[in-house]
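Dear colleague,

I am passing a structure on to you, with the notes that I made while going through it. Please read them with the structure open beside you.

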Amino acid sequence: MKRKTLILLAGIMLVILSGCSQEKETKAVVKNTGQVRTVQYLGKEYTVPAGIERIVITGALESLEDAVLLNVQPVGAMTVGGSFPAILASITQKTVPIGEQKQPNFEAILKLAPDIILGSDKFPAGTAAQLQKIAPTIPVSHIATAGEANLLLLADLTGKQSVAEEILQKYHEQVKQIQAQLQENVKGKKVIAVRFRAGNINIYPEDVFFNEILYKELGLVVPAEIKAAKAQEILSLEKLSEMNPDVIFLQYAAGENLAQPKGLQDLQQNAIWNNLQAVKNKQVFVNVVDPLIQGVAIGGKQQFLQAIAATLQ
């Protein structure tokens, strides 16, 4: 009799536990597929899950920089040269690699079942469409003037709006402080920021790379060559000599110059280069911030501003 009673009680418990398990599974499904909300970003609306826990970032180094600043750990992220850069170490301890910057691995992303994907506005239409099939995808801007919007977007998606607002307040205070500090130091001087890529000097439009900080935030005069640039453009040494800048911030990454491993060394030994005003006055600053920093994310801008304050005394 006792044995029959025990068997009956065990059966009842199994039914109860099974019901609880099913209820939990149902709630999880409702959370992931049933509830959505709308976010605003750069004049467009995007429909995203109401609860976002699994974020994949691909193609947009800018968003990974923002993730570091907000301490957001993506479940999947792109690699650079096959691994996560050291500047992302704080957020990638448990992150799964999902391809390179320009070559996302769609199968790897699909396996992660992301709630949302932050991609790049530089992706081809076909790549963007493939990502959209996996999860709601937002193309993150690579234009420097979108830095604040990018940070607020990630903050909105992750519930860290107050943290982002505090960061932005400190950033604007930093800009004002350095503006005042540089008034006399750089008045009338020609200051440029360039990247050395594939053995060439590259310049950018005035709202791309670090130019937005130099010419908008700090109010320096925009050189004609920068004003005329429509995208990344190679600037020959001869044209650079004609520009003859007073200050050069040069960013160099070995991974972007694999075919010309001695390219920067050759440049620094070139007679035309050594005749530049900036070179003669020791006003060339190489990698004042990590060369992977894009000049878009607020965290990278803060670092670049600190470097300007330290170098342009």
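How many bridges join β10 to strand β11 (residues 233-234), and in which sense do the two run? Two bridges join them, and the strands run antiparallel; within this pairing, Asn202 stands opposite Ile234 in β11. Please bear in mind throughout that this is a predicted model.

The sheet that holds β10

These two strands belong to an open sheet of five strands, whose order is β11-β10-β9-β12-β13 and whose pairing is mixed. The edges are taken by β11 and β13, each of which has a single partner strand, so one side of each is left without a neighbour in the sheet.

On the other side of the pairing described above, β10 (residues 200-203) is joined by three bridges to β9 (residues 191-197), and these two strands run antiparallel, with Arg197 standing opposite Asn200 in β10. The pair forms a hairpin with two residues between the strands. One residue of the turn, Ala198, has a positive phi of about 50° although it is not a glycine, and at 43% relative accessibility Ala198 counts as partly exposed. As background, most residues other than glycine have a negative phi.

The pairing of β9 with β12 (residues 247-252) is parallel and consists of six bridges, in which Ile192 has Ile248 of β12 as its bridge partner.

The six-stranded sheet

A second topic is the open sheet of six strands, which has the order β6-β5-β4-β3-β7-β8 and also mixed pairing. Here β6 (103-104) and β8 stand at the edges with a single partner strand each, so that one side of each is left without a neighbour in the sheet.

Strands β3 (residues 55-57) and β4 (residues 76-79) pair in the parallel sense over two bridges, and Ile57 of β3 stands opposite Ala77 in β4. A parallel pairing is also found for β7 (residues 116-120) and β8 (residues 137-140), this time over four bridges, with Ser120 opposite Val140 in β8. Between these last two strands the chain passes through helix α4 (residues 125-134), and the resulting β-α-β crossover is right-handed.

The largest pocket and helix α2

The largest pocket has a volume of about 910 Å³ and is lined by 32 residues, of which Gln101, Lys102, Lys122, Arg197 and Glu256 lie nearest its centre. The elements that give two or more residues to this lining are α2 (61-70) and β9. Arg197 therefore comes up twice in these notes, as a residue that lies nearest the pocket centre together with the four others named and as the residue opposite Asn200 in β10.

Helix α2 is mostly covered, since eight of its 10 residues are buried; the buried residues are Leu61, Glu62, Ser63, Leu64, Glu65, Asp66, Ala67 and Leu70. Just after the helix, Asn71 takes a positive phi of about 55°.

The loop between β13 and α13

Is Gln294, which lies in the loop between β13 (284-286) and α13 (298-311), buried or exposed? With a relative accessible area of 13%, Gln294 is buried, because the cut-off for that term is under 20%. Leaving aside its neighbours within four places in sequence, Gln294 is in contact with Leu61, Glu62, Glu65, Arg195 and Phe209, and of these Leu61, Glu62 and Glu65 are among the buried residues of α2. A polar atom of the side chain of Gln294 also lies 2.5 Å from the backbone oxygen of Leu292.

Asn287 lies in the loop between β13 and α13 as well. It has a positive phi of about 50° although it is not a glycine, and at 28% relative accessibility Asn287 counts as partly exposed.

An exposed residue in α3

Finally, Lys111 has its place in helix α3 (residues 106-111) and, at 65% relative accessibility, counts as exposed. The C-alpha atoms of Lys111 and Ile98, which are 13 residues apart along the chain, are separated by 10.0 Å.

With best regards

How values were computed
Residues numbered from 1 in each chain as written. Predicted model: local features only at pLDDT ≥ 70, side-chain atom pairs only at ≥ 80, totals over all residues. Heavy atoms only, no water. Pairing = 2+ DSSP bridges. Right-handed = clockwise from strand over helix to strand, strands pointing away. Buried < 20%, exposed > 50% of the residue type's maximum accessible area, 1.4 Å probe, protein only. Polar contact = N/O pair within 3.5 Å; in protein donor to acceptor, adjacent residues only side chain to side chain. Contact = heavy atoms within 4.5 Å. 1 Å grid on protein atoms, 1.4 Å probe; cavity = no way out; pocket = protein on both sides within 12 Å on 5 of 7 lines; lining within 4 Å. Points joined across faces, edges and corners; volume = space filled by probe spheres on them.
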